[in-house]
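Colleague: Could you take me through the strand pairings and what packs around them, and point out any unusual backbone spots on the way? Please stay with the geometry, and take your time.

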Amino acid sequence: MPKILLIEDDPQVAQLLQIALEQKGHAIYWARNGDEAARYLPKTDLLALDLGLPDVDGVELLRQARALRPRLPVLVLTARDDEHTKVYCLEIGADDYMTKPFSVLEFIARVQALLRRSYGGPRIRVGPLELDTEGYRVTLEGRELKLSKTEFALLRTLATAPGRVWSRGELLETVWGPDFDGTDRVVDVYVNMLRKKLGDDPRDPHFIETMVGVGYRLLEPKRDNPTVF
């Protein structure tokens with residue numbers, strides 16, 4: 001279930017958007033100011049940010065969020081409709097921008113589109129592996145694998161870009177969040193657990209390959225291209 005952090009100081013607007021998001025199966029964290037937002041930022045999958053907050057300028061909060069979570073999709077919501085603000089927000093890290101007032105249906109559509117672009121859609125298929133990112137289920141050649149949430153998050157991250165090499169630091173930030181105070185060796189531990197459940201031999205890998213001194217990658221399938229649907 002994707003987790004959305006909604007930073008909005010207007011309770012009526014927040015309630016309306018929260019109900020609409022929950023109806024689509026999303027978990028919602030609602031923050032009314034920057035202090036509340038800081039508690040939820042490390043564990044969210046998407047940030048919907050109102051620029052007009054009581055305790056901090058939303059543009060500054062956007063900059064901070066992008067520094068802490070470089071890959072986090074961000075949708076800016078604001079009554080500011082001047083071109084300069086729009087362009088500046090997009091330049092410093094916003095992925096999309098909506099000017100108030102806006103349609104709730106359009107808001108939901110933009111959230112769904114950002115999640116698809118960032119995490120590969122509700123289902124990702126890489127060769128014989130299939131991930132249901134909304135149901136947190138993984139099947140290998142039709143057989144369901146029992147993964148923990150962390151194992152699933154790690155596999156999902158690798159599966160969004162087969163063939164791409166992820167450093168341990170990138171995986172640590174994406175899966176465990178910026179506030180994790182352990183070492184990046186936890187990545188190695190979870191990769192080993194994933195390999196066992198996938199039946200993968202690190203000496204002759206079919207799924208997860210170690211890039212010595214760098215990190216890991218999910219091997220691209222030899223015949224089938226990765227499919228998102």
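Modeller: Happy to. E130 has T139 of strand 8 standing opposite, and that pair belongs to the antiparallel pairing of strand 7 (residues 129-132) with strand 8, which runs over 4 bridges. Please keep in mind that this is a predicted model. Strand 7 and strand 8 make a hairpin with 4 residues between them. In that turn Y136 has a positive phi of about 55°.

Strand 8 (137-140) then leads into another hairpin, this time with strand 9 (143-145). Here 2 residues lie between the strands, and the antiparallel pairing covers 3 bridges. L140 has R143 of strand 9 as its bridge partner. The turn holds E141, whose phi is positive at about 55° although E141 is not a glycine. So for a backbone check in this stretch, Y136 sits in the turn between strand 7 and strand 8, while E141 sits in the loop between strand 8 and strand 9.

Further along the chain there is another antiparallel arrangement. It is an open sheet of 3 strands in the order 10-12-11. Strand 10 (166-167) and strand 11 (208-211) are its edges; each has a single partner strand, so one side of each has no neighbour in the sheet. Strand 11 pairs with strand 12 (residues 215-218) over 4 bridges, in the antiparallel sense, and M211 stands opposite G215 of strand 12.

Helix 6 ties this sheet to the helices. Helix 6 lies across strand 10, strand 11 and strand 12, and runs at about 70° to strand 12. The axes of helix 6 (residues 149-159) and helix 7 (residues 168-176) come within 10 Å of each other, with a crossing angle of roughly 125°. That makes the two helices, 6 and 7, oblique to each other. Their crossing is right-handed. On the helix 6 side the contact is made by T150, A153, L154, T157 and L158, which meet L171, T174, V175 and W176 of helix 7. Sorted by class, the residues of this contact are 6 nonpolar and 3 polar, with no charged ones.

Helix 6 also meets helix 8 (residues 185-198): their axes come within 10 Å and cross at roughly 90°. This makes helix 6 roughly perpendicular to helix 8. T150, E151, L154 and L155 of helix 6 face Y190, V191, M193, L194 and K197 of helix 8. The classes in this contact are 6 nonpolar, 1 polar and 2 charged residues. T150 and L154 take part in the contact with helix 7, and T150 and L154 also take part in the contact with helix 8.

For a parallel counterpart, go back towards the start of the chain. There, 5 strands form an open sheet in the order 2-1-3-4-5, with parallel pairing. Strand 2 (27-31) and strand 5 (96-99) are the edge strands; each has a single partner strand, so one side of each is left without a neighbour in the sheet. From one strand to the next the twist averages 15°. Strand 1 (residues 3-7) and strand 2 run parallel and are joined by 5 bridges, among them the one that makes Y29 of strand 2 the partner of L5.

Helix 3 (residues 58-68) lies across strand 1, strand 3 (46-50) and strand 4 (74-78), running at about 165° to strand 3. An unreviewed UniProt entry annotates residues 3-115 as "domain: Response regulatory". Over that span the chain is 47% helix and 21% strand, and its end C-alpha atoms are 10 Å apart.

One more backbone spot for your list: the peptide bond joining K100 and P101 is cis, with omega at about -5°. P101 belongs to the loop between strand 5 and helix 5 (104-119). Together with the positive phi values of Y136 and E141, that gives you three places to look at in your viewer.

Key: Residues are numbered from 1 along each chain as its sequence is written. This is a predicted model: local features need pLDDT of at least 70, side-chain atom pairs count only at pLDDT 80 or more; totals for chains, interfaces and linings use all residues. Side-chain values use heavy atoms; hydrogens and water are left out. Axes are lines fitted to C-alpha atoms, for helices over the stretch in contact, and angles run from 0 to 180 degrees between N-to-C directions. Angles under 35 degrees count as roughly parallel, over 145 as roughly antiparallel, 65 to 115 as roughly perpendicular and the rest as oblique. A crossing is left-handed if the near helix is turned anticlockwise from the far one by less than a right angle, and right-handed if clockwise. Contact means heavy atoms within 4.5 Å. Ala, Val, Leu, Ile, Met, Phe, Trp, Tyr, Cys and Pro count as nonpolar, Asp, Glu, Lys and Arg as charged, and the others, Gly among them, as polar. Two strands pair if DSSP finds at least two bridges between them. UniProt positions are given in the numbering used here, feature names are shortened, and annotations may be inferred rather than shown by experiment.
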